[in-house]
Amino acid sequence: MPKMKTKKAVAARFKVTATGKLKHSHPGKRHLMTGKAPKRKRQLNKPAILSESMTKTYKRLMCVE
């Protein structure tokens, strides 16, 4: 059976941490920033950790185990 190919769209959006969690940046901070509150913009700058339920699926797509 051939090797499974990495889904590049998923690999570009997530980074695997040392403990095996997936880190990503928040969506919604590319444009239309003037209508968003300063607190919201500040919170969007911080990286987020993907939930446990979705981590297994995305790791499989990235060929990381």
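**Exercise 1.** On the other side of H3 from its buried residues, which residues are exposed?

*Solution.* Keep in mind that this is a predicted model. Start with the buried set: in helix H3, which spans residues 52–62, Thr 55, Lys 59 and Met 62 are buried. These residues sit on the same side of H3, because the arc they cover around the axis is only 60°. Now flip to the other side of H3, and you find Ser 53 and Lys 56 exposed.

**Exercise 2.** Work out what covers the buried residues of H3, then see what Val 16 touches.

*Solution.* The cover includes helix H1 (8–13), along with strands S1 (15–16) and S2 (22–24). Val 16 is part of strand S1. Leaving aside residues up to four places away in sequence, Val 16 touches Lys 21, Leu 22, Met 62 and Val 64. Met 62 is one of the buried residues of H3. As for Val 16, its relative accessibility is 33%, so it counts as partly exposed, since buried would need a value under 20%.

**Exercise 3.** Take Leu 32 and Cys 63: where do they lie, and is each exposed or partly exposed?

*Solution.* Go one residue at a time. Leu 32 turns up in the loop between S2 and helix H2 (38–45). Its phi is positive, about 60°, although Leu 32 is not a glycine. With 64% relative accessibility, Leu 32 counts as exposed; the cut-off for that is over 50%.

Next, Cys 63 follows H3. Cys 63 isn't a glycine, yet its phi is positive as well, near 60°. At 38% relative accessibility, Cys 63 counts as partly exposed.

Methods
Residues numbered from 1 in each chain as written. Predicted model: local features only at pLDDT ≥ 70, side-chain atom pairs only at ≥ 80, totals over all residues. Heavy atoms only, no water. Buried < 20%, exposed > 50% of the residue type's maximum accessible area, 1.4 Å probe, protein only. Helix = DSSP H or I, 4+ residues; strand = E, 2+ residues; numbered from the N terminus. Arc of directions from axis to C-beta. Contact = heavy atoms within 4.5 Å.
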